[in-house]
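Here are a few short exercises to work through with the model open in your viewer. Try each one yourself before you read the solution.

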Amino acid sequence: MTSQPADQQPLFQVSAELRISASPLEIYAVVSDVARSKEWSRECKSIEWVSGEPSTVGAIFRSANFRHDDVVAWAPVPRGAWTTQSEVVAADPGRIFSWQMYNSDGVKEDSVWAYDITPDGAGSVLVHRFRMNRPTKGILRIVSGLDEAETRTFYADWAVKLEGDIRATLGRIKALAEKTEPTEQTEPTEQH
């Protein structure tokens with residue numbers, strides 16, 4: 001997990017991995033079905049396809065999300081319901097599924113989420129990663145009223161939040177792919 005000052009790249013680079021007792025194609029079938037994201041995401045409540053063939057490169061989806069008040073509670077982050085729009089930028093069954101975020105003006109931002117899958121014996125390793133090279137319109141809005149020290153603290157706290165989200169997501173995907181309940185033993189390992 002890393003976070004950098006806004007003038008250094010990447011601003012955020014977070015990833016974790018988890019071994020799952022399922023084939024790469026079985027895991028891909030779960031993670032590429034983004035309409036199911038509410039089953040593993042802490043914030044996503046629903047997804048609808050806006051255009052394109054679902055789960056293929058170029059397809060666009062809209063996500064309805066909800067953030068609780070206790071998430072980086074001191075910072076002026078959006079709370080409650082909000083929506084995002086994203087475009088699938090990689091879709092290689094059994095290997096990678098990735099999407100890039102749009103800002104509220106419909107412009108692609110330098111904000112990419114991905115799942116990478118590799119075979120591992122009778123199972124697979126799933127890596128969930130996020131990278132933001134430059135601050136997005138939303139991040140700039142959050143830090144606009146913060147001083148330099150508060151901005152650095154926000155970036156560090158947000159990186160911790162992202163890592164927690166990624167770890168929770170991996171544990172839930174593991175349970176879905178293996179058709180089990182999440183347990184303490186599904187803790188993913190951090191990647192740097």
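**Exercise 1: strand pairing**

How many bridges join strand 4 to strand 5, and do the two strands run parallel or antiparallel?

*Solution.* Keep in mind that you're looking at a predicted model. Start by finding strand 4 at residues 60-67 and strand 5 at residues 80-92. Next, count the bridges: there are 8, and the strands run antiparallel. To get your bearings, pick out Ile 60, which stands opposite Glu 87 in strand 5.

**Exercise 2: the hairpin**

Work out how strand 5 pairs with strand 6, then find the residue with a positive phi between them.

*Solution.* Strand 6 covers residues 96-102, and strand 5 pairs with strand 6 in the antiparallel sense over 7 bridges. A handy landmark is Val 88, which stands opposite Trp 99 in strand 6. Now look at the turn: the hairpin has 3 residues between the strands, and Gly 94 takes a positive phi near 80°.

Stay in this part of the chain for a salt bridge. Asp 92 pairs with Arg 95, with 3.5 Å between the closest N and O atoms; that passes, because the cut-off is 4 Å. Asp 92 is partly exposed at 31% relative accessible area, while Arg 95 is exposed at 54%.

**Exercise 3: a salt bridge across the sequence**

Take the salt bridge between Asp 165 and Arg 42 and explain which parts of the chain this pair ties together.

*Solution.* First check the distance: the closest N and O atoms of Asp 165 and Arg 42 are 3.2 Å apart. Then place each partner. Asp 165 sits in helix 3 (residues 148-178), and Arg 42 sits in the loop between helix 1 (24-31) and strand 3 (44-51), so the pair links parts that are 123 residues apart in sequence.

Now for accessibility. Asp 165 is buried, at 13% relative accessible area, whereas Arg 42 is partly exposed, at 41%. Finally, zoom out: Arg 42 and Asp 165 belong to a network of salt bridges that also takes in Glu 43, Arg 67 and Lys 161.

**Exercise 4: a salt bridge within a helix**

Find how far apart Glu 163 and Arg 167 are in helix 3, and decide whether they are buried or exposed.

*Solution.* Their side chains meet in a salt bridge at 3.1 Å, N to O. Glu 163 and Arg 167 are 4 residues apart in helix 3, which means about one helical turn separates them. Both Glu 163 and Arg 167 are buried. For the full tally, the model has 15 salt bridges.

Conventions:
Residues numbered from 1 in each chain as written. Predicted model: local features only at pLDDT ≥ 70, side-chain atom pairs only at ≥ 80, totals over all residues. Heavy atoms only, no water. Buried < 20%, exposed > 50% of the residue type's maximum accessible area, 1.4 Å probe, protein only. Pairing = 2+ DSSP bridges.
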